[in-house]
Amino acid sequence: MESITLLHAADLHLGTVFSDLPPAVGSQRRKDLMQSLGEIVELCARHQVNLLLFSGDLWQQDYVTKPLVDFVADQFRRIPSTQVVIAPGQADYYWDGSFYADYPWPGNVHIFARPQLTNIWLPRLNTRVWGACWDGPQPPALDWSLLEVAEKENTVVVCHGNPQQLGIPDDCLGGDNHVYFACGGGHKQHAYAANALAPGSPEPLGFDEPGQHGVMLGKAGFGAFQLEFVPVARRQYITLPFQVAPQETTEDQGKKIMEMLQSLNPDTNLFRLLLMGKHRPGLWDAAELQDRLSSVFLCRLDDGTEPDFDFETLKAEHEKGVIGSFLEHMEQQLQECDEQQRKKLLRARAYGLSALLSREVSLW
Ligand SMILES: [Mn+2]
């Protein structure tokens, strides 16, 4: 049996609107997703990939446009000797009138159009690709007794979802089964079994998708599948803690942060900094610190700092006044509260105190 080279990708989510990012960054990220598809196609050309599998969520249904689909088709046209097999998933499910159903796809592109197990026979590759599409937001209910594995063929299954969601029988999973299950849906690269992998999203889509992202690439033949993870993502999402000290100026803090990010490609990657510690009341300005980080591609500050009030001195100074009795009252509540309330009360004490001291509330 001739061996074939296959590339397995999933969860690209082309067209996604990054609503949690500033518009300019979001629009760059959408371009990044397109560039990642370009990179995947480039990998196919460079490694003479015979079979490119997409197990779902190639694009985002709500935001996909004709020009974007034209772009996708043009990319696949660049690799005419690669057979492209797409199993529409949850974000890009198949319906009559969808771009999957109603579009002049190039001849090397094959799309699963039914929520039942069917197969596509690729004679030149001696490979039978089984698969199904999602036709709505729920996974298709598949009858796995239909799956046939011929000894002298490569057998591949491509479907969006994990083995549990798809009800893949346990006895199908395992190294000597001679079937490769190209799963999708989990945005982190994952091996459900030796022969059932999800490549993850080629380009991470949020801070909940840290680390490297890419596709699976490798050889199939003689009933065996050997795929390796190949990074494709242009950028990474990185979350880091940062300790704020009350005596530091925002200039010092800005410099410290830039030093910390220096080796992490600050002009490319997206950062979230969890600010902790105490800040100087009245002098803390997270927006000013943000301005000092403008050379970073994206740096989000999650301000969890607290003002550095000297409660004992304030209480003594204002013993007979409103401030004194406010602090006394808050302290009593803090002693009686549970852990959940505690955070809110600490913040309320700080807001109340800055209002009473300055006659204005600065929301940090
Ligand atoms: Mn997805």
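These are my notebook entries on a predicted model of one chain.

**Entry 1: overall form**

I began with the whole chain, and I counted eight helices and 16 strands in it. I then looked up the box that the C-alpha atoms fill along the principal axes, which comes to roughly 90 × 40 × 40 Å. The radius of gyration of the chain is 27 Å, whereas a compact globule of 364 residues would have one near 21 Å. Of the 364 residues, 35% count as buried. When I turned to contacts with a separation of 6 or more, I found that residues 24 or more positions apart account for 70% of them.

**Entry 2: domains**

Next I looked up how the chain is divided, and the domain assignment gives domain 1 as 4-231, domain 2 as 236-308 and domain 3 as 309-364. I also noted the centres of domain 1 and domain 3, taken over C-alpha atoms, which are separated by 56 Å.

**Entry 3: a six-stranded sheet**

I followed one open sheet of six strands, and I wrote down its order as β5-β6-β7-β8-β10-β9, with mixed pairing. Its edge strands are β5 (118-122) and β9 (190-193), each of which pairs on one side only. From one strand to the next, the twist averages 20 degrees. Inside this order I picked out β8 (residues 179-182) and β10 (residues 196-198), which pair in the parallel sense over two bridges. For Phe181 I looked up the bridge partner in β10, and that partner is Ala196.

**Entry 4: nonpolar cores**

Which residues touch the most other members of the largest nonpolar core? I found that they are Leu7, Leu53 and Val158, in a core of 62 residues. Helix α1 (residues 23-46) gives the largest share of this core, namely five residues. Another core, of twelve residues, lies apart from it, and Phe242, Val244, Leu270 and Cys299 are among its members.

I then took two of the residues with the most touches one by one, leaving out neighbours up to four places away in sequence. On that basis Val158 touches Leu53, Ser55, Val85, Ala87, Val129, Gly131 and Ala182. Leu7, which I located in strand β1 (residues 4-9), touches Ile40, Leu43, Cys44, Val49, Leu52, Val215 and Leu217 when the residues up to four places away are again not counted. Leu7 counts as buried because it has 24 C-beta neighbours inside 10 Å, and the cut-off for that word is 20 or more. I also checked Leu7 against Trp144, which is 137 residues away along the chain, and the C-alpha atoms of the two are separated by 24 Å.

**Entry 5: two residues with positive phi**

Last, I looked up two residues that have a positive phi although neither is a glycine. Gln48 has a phi of about 45 degrees, and I found it in the loop between α1 and β2 (51-54). Asp57 has a phi of about 55 degrees, and its place is in the loop between β2 and α2 (66-77).

Is Gln48 buried or exposed? With 11 other C-beta atoms within 10 Å, Gln48 is exposed, because the cut-off for exposed is 12 or fewer. Asp57, on the other hand, has 25 C-beta neighbours inside 10 Å and so counts as buried. I therefore noted that Gln48, in a loop that leads to β2, is exposed, whereas Asp57, in a loop that follows β2, is buried.

Notes: Residues are numbered from 1 along each chain as its sequence is written. This is a predicted model: local features need pLDDT of at least 70, side-chain atom pairs count only at pLDDT 80 or more; totals for chains, interfaces and linings use all residues. Two strands pair if DSSP finds at least two bridges between them. Helices (H or I, at least four residues) and strands (E, at least two) are DSSP runs, numbered from the N terminus. Axes are lines fitted to C-alpha atoms, for helices over the stretch in contact, and angles run from 0 to 180 degrees between N-to-C directions. A nonpolar core is a set of buried Ala, Val, Leu, Ile, Met, Phe, Trp, Tyr and Cys residues joined through C-beta atoms within 7 Å. Two residues are in contact if their C-beta atoms, placed from the backbone, lie within 7 Å. Domain bounds come from an automatic or database domain assignment. The radius of gyration is taken over C-alpha atoms; the globule rule is 2.2 Å times the number of residues to the power 0.38.
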